[in-house]
Amino acid sequence: MKAIETTATLSENGQLTLDEPLTLGISSRVRVIVLITEPEDDPDDTPIAEIREGIYRGWQDALAGRTKPVSQLWDG
C-alpha cells in the first residue's frame, strides 16, 4: 500500500474537496483517513500581528547591533 498526504476542504454537507488532484489511475479505490486539527492542537495559532511584531523587533535589534554570534547562543 502506498500513502499520499494531501489537504482538503470539508464542505457543509460533509464532502471532501482535495486542494490538488491526485495522479492515480482512473477508477482507483483509495482508503481515506481524516485528521482534524483541533484549535488547541495547532502549533501555528500565534496571531499574525504578534508574529509581525516579533520579526520587526528582531530586525530592529539586528540593525542596532544587538545580536550575538551563533556560537554564543548556547553558552551557559
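Confidence in the protein bottoms out in strand S1 (residues 8-10), at a mean of 89, and peaks in strand S2 (residues 16-18), at 92; the score here is pLDDT, the predictor's confidence in each residue, from 0 to 100. So yes, this is a predicted model, where local features need pLDDT of at least 70, side-chain atom pairs count only at pLDDT 80 or more, and totals for chains, interfaces and linings use all residues. Residues are numbered from 1 along each chain as its sequence is written, and side-chain values use heavy atoms, with hydrogens and water left out. The protein's mean pLDDT is 83, with 89% of its residues at 70 or more.

Now the layout. You get 1 helix and 2 strands, in the order β-β-α from the N terminus; these are DSSP runs (helices H or I, at least four residues; strands E, at least two). Of the 76 residues, 0% count as buried, meaning under 20% relative accessible area, with exposed over 50% and partly exposed in between (1.4 Å probe, protein chains only).

On to the charges. The whole structure holds 2 salt bridges, each a side-chain nitrogen of Lys or Arg within 4 Å of a carboxyl oxygen of Asp or Glu. One pairs arginine 57 with glutamate 53, closest N and O atoms 3.3 Å apart. The two sit 4 residues apart in helix H1 (residues 48-63), so about one helical turn separates them. Arginine 57 is partly exposed at 47%, and glutamate 53 is partly exposed at 38%.

Another salt bridge joins aspartate 61 and arginine 66 (2.8 Å, N to O). Here aspartate 61 is partly exposed at 30%, whereas arginine 66 is exposed at 54%.
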